[in-house]
Amino acid sequence: MAGQRVEVDGGIMEGGGQILRVSTALSCLLGLPLRVQKIRAGRSTPGLRPQHLSGLEMIRDLCDGQLEGAEIGSTEIRFTPEKIKGGIHTADTKTAGSVCLLMQVSMPCVLFAASPSELRLRGGTNAEMAPQIDYTEMVFKPVVEKFGFRFNCDIKMRGYYPKGGGEVIVRMSPIKQLNPINITDRGSVTKIYGRAFVAGVLPFKAAKEMASAAVRCIRKEIRDLYVNIQPVQEPKDQAFGNGSGIIIIAETSTGCLLAGSSLGKRGVNADKVGIEAAEMLLANLRHGGAVDEYLQDQLIIFMALANGVSRIKTGPVTLHTQTAIHFAEQLAKAQFTVKKVENEDDASKDTYIIECQGIGMTNPHL
């Protein structure tokens, strides 16, 4: 297996945990030995944090690989992958590190395992700087399943900043190949719905305030749709610690799903949290893309591996997406093009088509 090590500069572009996730997942899938240097070089706390470490250790365990330099604060790792195996895999960030990011790094790998997998992921389910588990379930899951696979996501316990303590179990079977996707027709918005939650000691009134502030904000711009945001008190036995937040989803006539979300923070009024999520959703609807800005980068690795040409229509291409494309091209040799869509009817729209000629990765075990 061990050919020339692929060199990755962890300090360029997004310059953070995302480079690690994309490069180690592709290394694992393609059997490429990897060296990542300058990990999180520009961050206030450079090097590996606990959540990055748990992701790396999980990938190592998924493929019985070897991992050197993996400790807190380390700015360089070496990874030598072996054969990807199914079965039960556990990863625990020991903090509020995001289970959704653990899922992002491990899911492409176990699709190409020899047998079904169960991923037991522990940490934060609704954490800052990461998708919330509700987003993963309500937006990411139905869209990513268009690549031709299914997964099951069972939220055992919700966990919040700073303690974490959440647990999610993901089950999936391997596939032979990924189908390409085409998500370029946004359609018109037909439904807007969501949930505003509080957990632990936070008052239910806060969930109601988030929901009603969000509804008011959306109504100003979209008058003719019923906006259904449910306030929820998370059951005591299904949430660890205290937390609050909101996710709002717009569904379109062509089956596209776009979202806005926000988390409550100490000292921030509940209505402000609701308005932030609503404004994020409205911004994602204004640009005319068929996927929102958070789904963009999460789809890149699947597009790179798929068998054929995939296309997605997006708003402005995020730094995370540019980073994912860069490493998918460098490591997997997939070919991407990003073209601005010239909208005759509306020049103000900032819309792009990301196209990828996937490498047609085939599962050697099936």
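In which sense do β3 and strand β4 (residues 77-80) pair, and over how many bridges? The legends below start there.

This is a predicted model, in which local features need pLDDT of at least 70 and side-chain atom pairs count only at pLDDT 80 or more, while totals for chains, interfaces and linings use all residues. Residues are numbered from 1 along each chain as its sequence is written, and side-chain values use heavy atoms, with hydrogens and water left out.

**View 1. An open sheet of 4 strands runs in the order β1-β2-β4-β3.** The pair asked about above, β3 and β4, is antiparallel and has 3 bridges. Within it, Leu67 has Phe79 of β4 as its bridge partner. Helices (H or I, at least four residues) and strands (E, at least two) are DSSP runs numbered from the N terminus, and two strands count as paired if DSSP finds at least two bridges between them. The pairing in this sheet is mixed. β1 (6-9) and β3 (66-68) are the edge strands with a single partner each, so one side of each has no neighbour in the sheet. On average, neighbouring strands here are turned by 15° against each other, direction ignored.

**View 2. Two helices lie across the 4-stranded sheet.** Helix α2 (residues 50-62) lies across β3 and β4, at about 150° to β3. Helix α8 (residues 319-332) lies across β1 and β2 (34-37), at about 165° to β1. Contact here means heavy atoms within 4.5 Å. The axes are lines fitted to C-alpha atoms, for helices over the stretch in contact, and angles run from 0 to 180 degrees between N-to-C directions.

**View 3. A salt bridge joins Asp9 and Lys38.** Their side chains meet at 3.8 Å, N to O. The rule asks for a side-chain nitrogen of Lys or Arg within 4 Å of a carboxyl oxygen of Asp or Glu. Asp9 belongs to strand β1 and Lys38 to the loop between β2 and α2, so the pair ties together parts that are 29 residues apart in sequence. The structure holds 22 salt bridges. Have a look at Arg40 too, in that loop between β2 and α2: its phi is positive, about 50°, although it is not a glycine. For context, most residues other than glycine have a negative phi, and most peptide bonds are trans.

**View 4. An open sheet of 5 strands has the order β5-β6-β8-β7-β12.** Its pairing is mixed. β5 (87-92) and β12 (239-240) stand at the edges with a single partner strand each, so one side of each is left without a neighbour in the sheet. Strand β7 (residues 151-159) pairs with β12 in the parallel sense over 2 bridges, and Arg158 has Ala239 of β12 as its bridge partner. Helix α3 (residues 99-110) packs on the sheet and touches β5, β6, β7 and β8 (166-172), with its direction at about 160° to that of β6. Helix α2, already met in View 2, also lies across β5 and β6 (117-123), at about 165° to β5. In the loop between β7 and β8 sits Pro162, and the peptide bond from Tyr161 to Pro162 is cis, with omega near 0°.

**View 5. Strand β10 (residues 189-199) pairs with β13 and with β11.** With strand β13 (residues 243-252) the pairing is antiparallel over 10 bridges, and Lys191 has Glu251 as its bridge partner in β13. With strand β11 (residues 227-233) the pairing is parallel over 7 bridges, and Val198 stands opposite Gln233.

**View 6. Domain 1 (177-182 + 288-361) meets domain 2 (189-285).** These bounds come from an automatic or database domain assignment. The C-alpha centres of the two domains lie 28 Å apart, and the contact takes 7 residues from domain 1 and 7 residues from domain 2. The buried area, meaning the accessible area (1.4 Å probe) that two parts lose on being put together, summed over both, is about 530 Å² here, with carbon and sulfur atoms giving 47%. On the domain 1 side, Ala290, Asp292 and Tyr294 lose the most area to domain 2, together 63% of what that side buries. Across this interface the rule finds 0 salt bridges.
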